[in-house]
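New page in the notebook. I have a structure open that I don't know yet, and I'm jotting down what I look up as I go.

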Amino acid sequence: MVQQIPVGLSTASVWPLGAGAAFELAADLGYDGVEVMVWADPVSQDVSALRRWSRRTGVPVLSIHSPSLLITQRVWSPDPEVRLRMSVDAAQELGARTVVVHPPFRWQRRYGDAFGDLVDELEEASGIEIAVENMFKVRPPGGSRTARVSAFRPSIDPTDVGFRHYTLDLSHTAAAGMDALALAERMGSGLAHVHLADGTGLPKDEHLVPGRGIEPCAELLEKLVNSDFSGQIVLEINTRRSPSAARRSRDLAESLLFARLHLGQ
């Protein structure tokens, strides 16, 4: 029997539209649920509003992406520990099984020192999977075109530390020049969540429709369906330059079709 791995849509995939539009598109296109990216969109920060959208559309919340981006450092709280705790609380209230979080930034020393213990504590207390995501190096201010540094501690690869659960992001592996399949092997049974997207290998986070870049998107999905993977696949693609609503919908439909095809669904 083919393993039915749920395929969700990140609310980030419809930006600059809000989370409500993601619920509607997920329902229209046949996604299994959504991942809520908590950021400037007021609905993404409001558990009651998210619950209403979920009930209205019949689309469940599969996961919560904790506000870990540079632009979300004051969403919910300026304290990253509080933001992570609130993300876990939101996941519990909305019935989501996973919280996606980035590794600490290098300048978040207190948070970084306690991060591993904090993740363990929250997982034990809540039963929520806290899946730490792989990242990529960035160009420093004033740096040369080829200069790249890691903004994360201790590195862009969470397996360097070791966590119970991981998120594998294929746009990030493309930007980092990392071997996505090898990273999946290192994550092993801890691989609980996949951000499915593509990239061309340029050192930037492209989040292309899968199949339009160089990442082994199809190979990874086929590998997962033939393994003990029991996590979730979430499409996190960039549609902000879509010239029309119809084009955005087509790209999201193509992404879902790609995932289902290579998952044997």
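Which residues form a nonpolar patch on the surface? I looked, and the patch is made of L70, I71 and W107, which together have about 400 Å² of accessible area. Note to self: this is a predicted model.

Next, W107 by itself. I found W107 in the loop between β4 and α4. Buried or exposed, then, for W107? Its relative accessible area is 54%, and exposed means over 50%, so W107 counts as exposed.

Since that loop starts from β4, I checked the strands. I see 8 strands that close into a barrel, going β1-β2-β3-β4-β5-β6-β7-β8, with parallel pairing. On average, neighbouring strands here are turned by 25° against each other, ignoring direction. Reminder on sheets in general: strands pair through backbone hydrogen bonds, either parallel or antiparallel.

I zoomed in on one pair. β4 covers residues 98-101 and β5 covers 129-133; the two run parallel and are joined by 4 bridges. T98 has E129 in β5 as its bridge partner.

Then the helix after the W107 loop. Helix α4, residues 109-126, lies across β4, β5 and β6 (165-169). I noted its angle to β5 as about 145°.

Last stop: L224, which I found in helix α7, residues 217-225. Why does L224 count as buried? Because its relative accessibility is 5%, and the cut-off for buried is under 20%. I also looked up how far L224 is from D28: they are 196 residues apart along the chain, and their C-alpha atoms are separated by 26 Å.

Definitions and conventions:
Residues are numbered from 1 along each chain as its sequence is written. This is a predicted model: local features need pLDDT of at least 70, side-chain atom pairs count only at pLDDT 80 or more; totals for chains, interfaces and linings use all residues. Side-chain values use heavy atoms; hydrogens and water are left out. Two strands pair if DSSP finds at least two bridges between them. Axes are lines fitted to C-alpha atoms, for helices over the stretch in contact, and angles run from 0 to 180 degrees between N-to-C directions. Contact means heavy atoms within 4.5 Å. Patches are made of residues with over 30% relative accessible area and no salt bridge: like charges are joined within 9 Å, nonpolar side chains (Val, Leu, Ile, Met, Phe, Trp, Tyr) within 5 Å. Accessible areas come from the Shrake-Rupley method with a 1.4 Å probe; for residues, only the protein chains shown count as cover. A salt bridge is a side-chain nitrogen of Lys or Arg within 4 Å of a carboxyl oxygen of Asp or Glu. Buried means under 20% relative accessible area, exposed over 50%, partly exposed in between (1.4 Å probe, protein chains only).
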